[in-house]
Amino acid sequence: CVLAIDAFARVWIGKRKMKKVTMVFQNTDCPKWNETFVFHPILFNDADYRYLLVEVFDHAVQPKPKDLGFFKFDLFSLKLNQTVKGWFTLKDTRCG
């Protein structure tokens, strides 16, 4: 399913305790974010902050943006100060 959307993402750490929001990519079927977010320090082994969750939405659907899918990244798999780059597949994707 390929649709042009106005995509943005919400980035969460810690059971939705810390949230950041990306810029909106207008009218695209392949948004590519190259943004850096800085979150305040957390305890490396605090289970409440184990995952980084990214939820992608279509901003054009109002009044509530349409949920397009998500991915979850296990922060416990990282080494201290490690950078992760790459493509991540969305789960629970919806089309149409």
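This passage describes the overall build of a predicted protein model and then some of its residues.

The protein chain contains zero helices and five strands. Followed along the sequence, these elements give the pattern β-β-β-β-β. The C-alpha trace spans about 40 × 25 × 20 Å along its principal axes. Of the 96 residues in the chain, 29% count as buried. The accessible surface of the protein chain comes to about 7100 Å², with carbon and sulfur atoms supplying 54% of it. Among contacts with a separation of 6 or more, 48% join residues that are 24 or more positions apart.

Charge is a good place to begin a closer look. The protein chain carries 15 positive and 10 negative charges, and the mean positions of the two sets are 4 Å apart. Side chains of opposite charge can pair when their charged atoms come close. In this model, a search of the whole structure finds one salt bridge. The partners are R50 and D74, whose closest N and O atoms are 2.8 Å apart. This pair links distant parts of the chain, with R50 in the loop between strand 3 (25-28) and strand 4 (51-58) and D74 in strand 5 (residues 66-74), 24 residues apart. R50 counts as partly exposed because its relative accessibility is 29%. D74 is also partly exposed, since its relative accessible area is 22%, and the cut-off for a buried residue is under 20%.

Two further acidic residues, D6 and D58, invite a look at what surrounds a charge that has no such partner. D6 sits in strand 1 (residues 5-13). The residue is buried yet has no salt bridge, and the nearest side chain of opposite charge, K66, is 13 Å away. What the side chain of D6 does reach is the backbone nitrogen of N27, at 2.7 Å. Leaving out residues up to four places away in sequence, D6 touches V24, F25, Q26 and N27, together with F57, D58, H59 and A60.

D58 belongs to strand 4. This residue, too, is buried and has no salt bridge. For D58 the nearest side chain of opposite charge is K66, at 6.5 Å; a salt bridge would need a nitrogen and a carboxyl oxygen within 4 Å. A polar atom of the D58 side chain lies 3.0 Å from the backbone nitrogen of A60. With residues up to four places away set aside, the contacts of D58 are I5, D6 and F8 on the one hand and P65, K66 and L68 on the other. D6 and D58 thus appear in each other's contact lists.

N27, whose backbone nitrogen is reached by D6, deserves a paragraph of its own. N27 is found in strand 3. Because its relative accessible area is 60%, N27 counts as exposed. Most residues other than glycine have a negative phi. The phi of N27, however, is near 50 degrees, a positive value in a residue other than glycine.

A7 is the next residue to consider, and its place is in strand 1. A7 counts as buried because its relative accessibility is 0%. Not counting residues up to four places away in sequence, A7 touches M23, V24, F25, P31, W33 and F57. The C-alpha atoms of A7 and F37 are 18 Å apart, with their positions 30 residues apart in sequence.

F37 itself lies in the loop between strand 3 and strand 4. With a relative accessible area of 25%, F37 is partly exposed. Beyond residues up to four places away in sequence, F37 touches V11, K20, V21 and T22. From F37 to L53, 16 residues apart along the chain, the C-alpha separation is 13 Å.

The last residue to mention is T93, found in the segment after strand 5. Apart from neighbours within four places in sequence, T93 is in contact with L68 and G69. L68 is also among the residues touched by D58. T93 and F39 are 54 residues apart along the chain, and their C-alpha atoms are separated by 27 Å.

How values were computed: Residues numbered from 1 in each chain as written. Predicted model: local features only at pLDDT ≥ 70, side-chain atom pairs only at ≥ 80, totals over all residues. Heavy atoms only, no water. Helix = DSSP H or I, 4+ residues; strand = E, 2+ residues; numbered from the N terminus. Buried < 20%, exposed > 50% of the residue type's maximum accessible area, 1.4 Å probe, protein only. Lys, Arg positive; Asp, Glu negative; His and termini not counted. Polar contact = N/O pair within 3.5 Å; in protein donor to acceptor, adjacent residues only side chain to side chain. Contact = heavy atoms within 4.5 Å. Areas by Shrake-Rupley, 256 points an atom, 1.4 Å probe, with all protein chains shown as cover. Charge placed at Lys NZ, Arg CZ, Asp CG, Glu CD.
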